[in-house]
Amino acid sequence: GTLGVAVIGTGKMGADHVRRIDAVISGARVAAVADIDGDRAEALAKTVEGCTAYTDPAAAMASPDVDAVLIASPGPAHEEALLTAFEHDLPVLCEKPLTPDPESALRVLEAEQRLGRRRVQVGFMRRFDSEYMRLKRTLAEGHLGRPLMLHCRHRNVSVHPYFTAEMLITDSVAHEMDCTRWLLEQEITAVTVLRPTPSSLSPEQLNDPQLVIFETDGGALVDVEIFGNCGFGYQVRTEAVCERGTARIGDDHGMFTNAAGRWGGEIAQDYVERFADAYDREVQQWVDATRRGEVVGPSAWDGYAVAAVSRAGVTAQATGRRTVVEMIERPAFYAPDRR
Ligand code: ISE
C-alpha cells in the first residue's frame, strides 16, 4: 500500500520534501510532520490532507499511520531521531550530514548493525542528479582511462549568517567528499585547506572562499573551490581529468537569449532549484525500494566516511596543515553496494 511518511524537521529542506511527497512522487503520502516549532509544523501539515503535526519526533514515529521516516532536521538532531526510528524498526531517509561527527556516526552504524539489516539511506542527492549519474557511468566505462584529478567548484549565492568557516567543510564540501568517494570508488586519505585573502564581501567568521584538496587511496587528487557567498548563483561543477580525456558536468545550460547586443542565460539560485530532479529521483527511489522491503543508495557507512573526512577537513582548516583522515575499517555489513 501507500507508504505513510513522517517528515522530521519542517525547515527549507523538510518543507520541500513534504511538497515533493505530496505532489510530485508516487507511492507515498505525508502522514505526519514534526518540528520543535509547533506553529511551523501545523502550518505545513495544513497543506497536506490527513497529515498530523507533532512537536516531538518520537510521537510522530509512534503513530500507526507512519511506515517510514524522512529526517530533515538540523544535523545535531539526527542521531536521536535515527535511534528512535531504529526502535520502531522504520526505514529512514536521512538528510546529510548523517550526524555532525564521526563518534556519533559510529554509534548510528553500531545501532543499525544491531538491527541486522540496513535501514538508512543518506540524502547525498547528487548521486541522483542526471549529470552526475552520467559522469559516474562514463568513468566506470573506462574509455577515458583512469581518473587522475577532479576539479570541483561549489558556489552558493549566500549562506546563513550563522554559517561558520567549519560549516563550509562539514555542510558544503561534505557533498564533494561523498561524490569523490562515489565517483572514484576510493577513500579520501588526507585533506588540506588553503585560502586566498578573504573576499571583502565575506562575513568576518567565514573566510570565504576556500580551496580544499583531497588525496585518495587510489592516488587521485581533488580540488574544491568552496564559495559560500559568491552573490550571483548556485553553481556546482566537476571536471574529471583522466588519462585519455576529460569529462565535465554542471555547466550552465537551459535557455540562452540574445538581445540588444548581449547574450546570456540564467543561473539557478539555490540547491532546491539546481537539484530538483535529483531530489525527486532520490525520494522516489527511496519510496520504491522501501515498498519492496529494500534499502538502496548511500548508506550510513557513507555518512560515517564523510563525517571522518569532515573531521580531518576542519582540523586542516584550523591548522593550515595537511591532515590525515582517520577511519575505522569498513564492516562487512556495509560491503559496497554495486548497483
Ligand atoms: C547545504 O546544506 C547543502 O546541502 C547544499 O547542497 C550546499 O550547497 C550548501 O552549501 C549547504 O549549506
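**Exercise 1. Backbone outliers in phi**

Task: In this predicted model, establish where Glu185 is placed and whether Glu185 is buried, partly exposed or exposed; then treat Asp89 in the corresponding way.

Solution.
Step 1. Glu185 sits in the loop between H7 and S8.
Step 2. Its phi is positive, about 55°, although Glu185 is not a glycine.
Step 3. The burial class follows from a neighbour count: 20 or more other C-beta atoms within 10 Å make a residue buried, 12 or fewer make a residue exposed, and values in between make a residue partly exposed. Glu185 has 15 C-beta neighbours inside 10 Å and therefore counts as partly exposed.
Step 4. Asp89 belongs to the loop between helix H4 (78-87) and S5. It too is a non-glycine residue with a positive phi of about 55°.
Step 5. Asp89 has 9 other C-beta atoms within 10 Å, so Asp89 is exposed.
Step 6. The general background is that most residues other than glycine have a negative phi.

**Exercise 2. Cis peptide bonds**

Task: Identify which residue pairs are joined by a cis peptide bond, and state where the proline of each pair is found.

Solution.
Step 1. Lys96 and Pro97 are joined by a cis peptide bond, with omega at about -10°. The loop between S5 and H5 contains Pro97.
Step 2. Asp208 and Pro209 are likewise joined by a cis peptide bond, and omega is about -5°. Pro209 falls in the loop between strand S8 (188-194) and strand S9 (210-216).
Step 3. As a point of reference, most peptide bonds are trans.

**Exercise 3. Overall dimensions and fold content**

Task: Determine how the radius of gyration of the protein chain relates to that of a compact globule, and describe the secondary structure and the contacts of the chain.

Solution.
Step 1. For 339 residues, a compact globule would have a radius of gyration near 20 Å; the protein chain has 20 Å, so the value agrees.
Step 2. The C-alpha trace extends over about 55 × 55 × 45 Å along its principal axes.
Step 3. The chain contains 10 helices and 15 strands.
Step 4. Of the 339 residues, 45% are buried.
Step 5. Among contacts with a separation of 6 or more, 70% are between residues 24 or more positions apart.

**Exercise 4. The two domains and helix H1**

Task: Characterise the contact between domain 1 and domain 2, and then examine what the buried residues of H1 pack against.

Solution.
Step 1. Domain 1 comprises 3-126 + 277-297, and domain 2 comprises 127-272 + 303-334. Each domain is thus given as two segments of the chain.
Step 2. The domain centres, taken over C-alpha atoms, are 26 Å apart.
Step 3. Contact involves 23 residues of domain 1 and 19 residues of domain 2. On the domain 1 side, helix H1 (12-23), helix H5 (102-115) and helix H9 (276-291) each give two or more residues. That side is made up of 11 nonpolar, 4 polar and 8 charged residues.
Step 4. H1 has 12 residues and a first-to-last C-alpha reach of 16 Å, close to the 16 Å expected at 1.5 Å a residue.
Step 5. The buried residues of H1 include Met13, His17, Arg20 and Ile21. Among the elements that the buried residues of H1 pack against are strand S1 (3-8), strand S2 (28-34), helix H2 (38-45) and H9.

**Exercise 5. The ligand shell**

Task: State which residues surround the ligand, and which helix gives the most to the shell.

Solution.
Step 1. Around the ligand are Asn156, Val159, Asp171, Ser172, His175 and Tyr271.
Step 2. Helix H7 (residues 165-184) gives the most to this shell, with 3 residues.
Step 3. By class, the shell has 2 nonpolar, 3 polar and 1 charged residues.

**Exercise 6. Two strand residues**

Task: Describe the surroundings of Ala240 and of Asp223.

Solution.
Step 1. Ala240 lies in strand S11 (residues 235-242). It is buried because 24 other C-beta atoms lie within 10 Å.
Step 2. Beyond four places in sequence, the residues touched by Ala240 include Leu135, Leu139, Pro147 and Leu150. The C-alpha atoms of Ala240 and His151 are 6.6 Å apart, although 89 residues separate the two along the chain.
Step 3. Asp223 is part of strand S10 (residues 221-227). With 16 other C-beta atoms within 10 Å, Asp223 is partly exposed.
Step 4. Apart from neighbours within four places in sequence, Asp223 is in contact with His151, Cys152, Leu211 and Ile213. Ser130 is 93 residues from Asp223 along the chain, and their C-alpha atoms are separated by 22 Å.

How values were computed: Residues are numbered from 1 along each chain as its sequence is written. This is a predicted model: local features need pLDDT of at least 70, side-chain atom pairs count only at pLDDT 80 or more; totals for chains, interfaces and linings use all residues. Domain bounds come from an automatic or database domain assignment. Two residues are in contact if their C-beta atoms, placed from the backbone, lie within 7 Å. Helices (H or I, at least four residues) and strands (E, at least two) are DSSP runs, numbered from the N terminus. Ala, Val, Leu, Ile, Met, Phe, Trp, Tyr, Cys and Pro count as nonpolar, Asp, Glu, Lys and Arg as charged, and the others, Gly among them, as polar. A residue is near a molecule or strand if its C-beta atom, placed from the backbone, lies within 6 Å of it. The radius of gyration is taken over C-alpha atoms; the globule rule is 2.2 Å times the number of residues to the power 0.38. The expected span of a helix is 1.5 Å times one less than its number of residues.
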